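Work through the exercises below with the sequence and the 3D view side by side, and try each task before reading its solution.

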Amino acid sequence: MAFLDIEHLEKSYGPTKVVKDFNLGVEKGEFVSFLGPSGCGKTTTLRMVAGFETPSQGAILIDGKDMLRLRPNQRNIGMVFQSYALFPNLTVAQNVAFGLRVAGADKGMVAERVAEMLETIGLPDLGNRYPFQLSGGQQQRVALARALAVRPKVLLLDEPLSALDAKIRVSLRGEIRAIQQKLGITTIYVTHDQEEALSMSDRIVVMHQGIADQVGTPFEIYNRPATRFVANFVGTLTLLEAEVLDPASGRVSIGGTEATLGRALPKGSVTLAVRPEMVSLGTAPGRETEVTGRIVDVDFLGSVIRLRAQIGDAVLAFDTFNDSHANPPKVGSEVTLSLAARDLLLIGE
Amino acid sequence: MKRLFAWLMLAFGMAYFILPLVGLTEFSLSMRRGEYSFDAYRAVLADPRFRDTFSYSVVMALVTIAFGILLVVPTAYWVRLKLPGLRPYVEFVTLLPLVIPAIVIVFGYIRLYNTSSWLPLTGTTTGTNLLLMFGYATLSLPYMYRAVDTGLRTIDVATLTEAAQSLGAGWVTILARVILPNVLVAVLSGAFLTFAIVIGEFTLAALLNRPAFGPYLQLMGANRAYEPMALAVIAFGITWACMGLIQLVTRFSKHTKAAR
């Protein structure tokens with residue numbers, strides 16, 4: 001049994017099921033992200049764990065204890081909200097101390113813990129400020145400190161970085177992960193930002209239409225997407241329809257170009273996918289399959305240039321590193337691309 | 001030209017409101033023939049009935065405010081948090097005292113709670129005071145509810161509640177330590193309006209036969225010339241002091257500074 005067990009969890013609003021047979025075990029100290037688009041049920045699942053929504057059926061157990069019997073204020077679960085939700089009438093220190101005061105902790109212990117938490121979030125001198133006197137990033141750090149001050153069993157973060165600008169988001173996600181690892185707290189993090197989920201998580205649950213489509217490490221999710229949705233949602237993929245010529249050796253025909261994947265494939269038609277970084281411009285050692293195509297789009301992204309080439313009916317995306325001494329191919333130019341057949345992913349439904 | 005017209009309109013508006021007050025004040029100071037004096041004010045303040053009725057009304061106003069806060073804040077909070085669909089109906093109910101005259105309310109009270117009824121509140125002084133307090137709370141309900149509801153609109157009630165719950169707070173703690181302090185300015189606005197209403201209210205107090213300031217004002221008005229004017233100026237002064245206090249509280253409320 002895992003530290004946090006979610007079993008057959010379901011939630012319906014009238015006839016609409018927003019979470020369907022959700023199962024997950026989270027180990028103590030693990031950082032798990034719920035990743036998915038808006039309306040996929042990730043926040044609803046999180047809110048059921050917190051106690052703000054009542055499941056239609058299923059069970060939530062923390063350390064073997066049934067959470068559904070407890071009210072939100074009895075669960076000892078810390079929560080960080082997208083909108084920070086700091087109490088505007090209280091100073092930073094009072095906000096951090098709130099949960100401890102509610103629990104009846106003595107003054108000395110409260111002061112000590114508040115100082116410790118403010119130190120942890122890197123704002124030791126801002127205890128006397130009011131929330132409106134802080135930046136968005138600082139407010140979210142205080143919200144994190146407030147949630148952690150009461151030593152919760154589980155920490156829930158509901159899109160905590162969505163309201164912040166890009167640079168702060170990147171630095172704060174590193175800080176959140178560092179604090180989580182330092183304290184070893186079991187964490188569930190809800191986000192629709194794949195980069196956030198990939199960079200921070202021990203495991204990711206990709207959710208789609210109320211279902212956990214795939215649960216795995218960031219490496220597994222990115223490199224071995226289990227469904228077409230996961231493949232499309234996480235990273236950039238080019239989907240290629242292929243005809244299987246020899247199921248045993250995995251020889252396929254992709255728009256007339258033959259390639260051997262070196263693994264067994266089902267008979268008939270299959271959907272294969274390839275990541276942009278798996279395709280090289282020109283010939284490359286180890287990438288034996290070569291195709292020619294015409295450039296249809298060039299996106300300059302800074303260190304990387306993303307290009308798209310028309311190959312038969314398909315448009316194949318691929319990346320090259322920026323080279324200040326060589327211009328990237330122009331739109332309309334003919335190029336040779338190479339890839340390793342073993343890098344082609346077989347996509348399930 | 002447009003600017004001149006605006007100034008003229010402002011001057012007209014101010015004259016419309018200020019001239020009667022100037023006349024009132026001037027008359028209240030004219031008790032002594034041929035010179036201005038505070039004789040009328042002195043006579044009023046020396047009258048033991050003034051002190052008795054005024055202090056009675058002040059106590060009633062404070063009790064009404066406490067009851068109003070206990071009734072309205074949790075109700076408005078709960079409606080906003082859990083029953084948003086009921087908001088139009090609750091608002092309608094809170095507005096009813098504006099269209100139902102006080103005399104109808106008090107006759108209803110007397111009919112329902114007279115000495116031969118199942119709950120004979122009018123049979124004792126405490127019971128009648130209680131009834132009067134309920135009446136005052138009803139009359140001030142539109143102002144108190146609107147003020148609190150407007151205050152609640154300025155904060156994210158649902159998220160703050162959930163944040164407090166996740167930190168272990170129960171409903172009473174949430175209301176007392178999170179919601180109420182954040183709508184304090186709005187609550188105080190409602191409280192000062194309630195105070196102003198209670199101090200000048202006549203119908204309920206007169207028909208329930210309680211020694212309040214409103215009936216005393218009426219009694220003086222019927223029998224004296226200068227003293228009622230002095231009382232009216234005092235009543236205006238109290239109302240303005242209440243309004244000034246609302247401004248003061250708003251200004252000195254630290255955590256709302258960002259919003260301004």
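**Exercise 1.** Of the contacts in chain B with a separation of 6 or more, find what percentage comes from residues 24 or more positions apart.

*Solution.* Keep in mind from the start that this is a predicted model. Begin by counting two residues as in contact when their C-beta atoms lie within 7 Å. Next, keep the contacts in chain B with a separation of 6 or more, and among these, residues 24 or more positions apart account for 75%.

**Exercise 2.** Describe the secondary structure and the extent of chain B.

*Solution.* Counting the elements first, chain B has twelve helices and zero strands, and its pattern along the sequence is accordingly written α-α-α-α-α-α-α-α-α-α-α-α. Turning then to its extent, the C-alpha atoms occupy a box of roughly 70 × 70 × 30 Å along the principal axes. Finally, 33% of the 260 residues of chain B count as buried.

**Exercise 3.** Repeat the description for chain A.

*Solution.* Chain A contains eight helices and 20 strands, and its C-alpha atoms fill a box of roughly 75 × 50 × 35 Å along the principal axes. Of its 349 residues, 42% count as buried, while 64% of the contacts between residues at least 6 apart in sequence join residues at least 24 apart.

**Exercise 4.** How many residues of each chain take part in the contact between chain A and chain B?

*Solution.* On one side there are 21 residues of chain A, and these are in contact with 19 residues of chain B. The elements of chain A that give two or more residues to this side are β6 (77-80) and α2 (92-102). Sorted by character, the residues on the chain A side are 15 nonpolar, five polar and one charged.

Terms used. Residues numbered from 1 in each chain as written. Chains lettered and ligands numbered in written order. Predicted model: local features only at pLDDT ≥ 70, side-chain atom pairs only at ≥ 80, totals over all residues. Helix = DSSP H or I, 4+ residues; strand = E, 2+ residues; numbered from the N terminus. Buried ≥ 20, exposed ≤ 12 C-beta atoms within 10 Å, placed from the backbone. Nonpolar A, V, L, I, M, F, W, Y, C, P; charged D, E, K, R; others polar.
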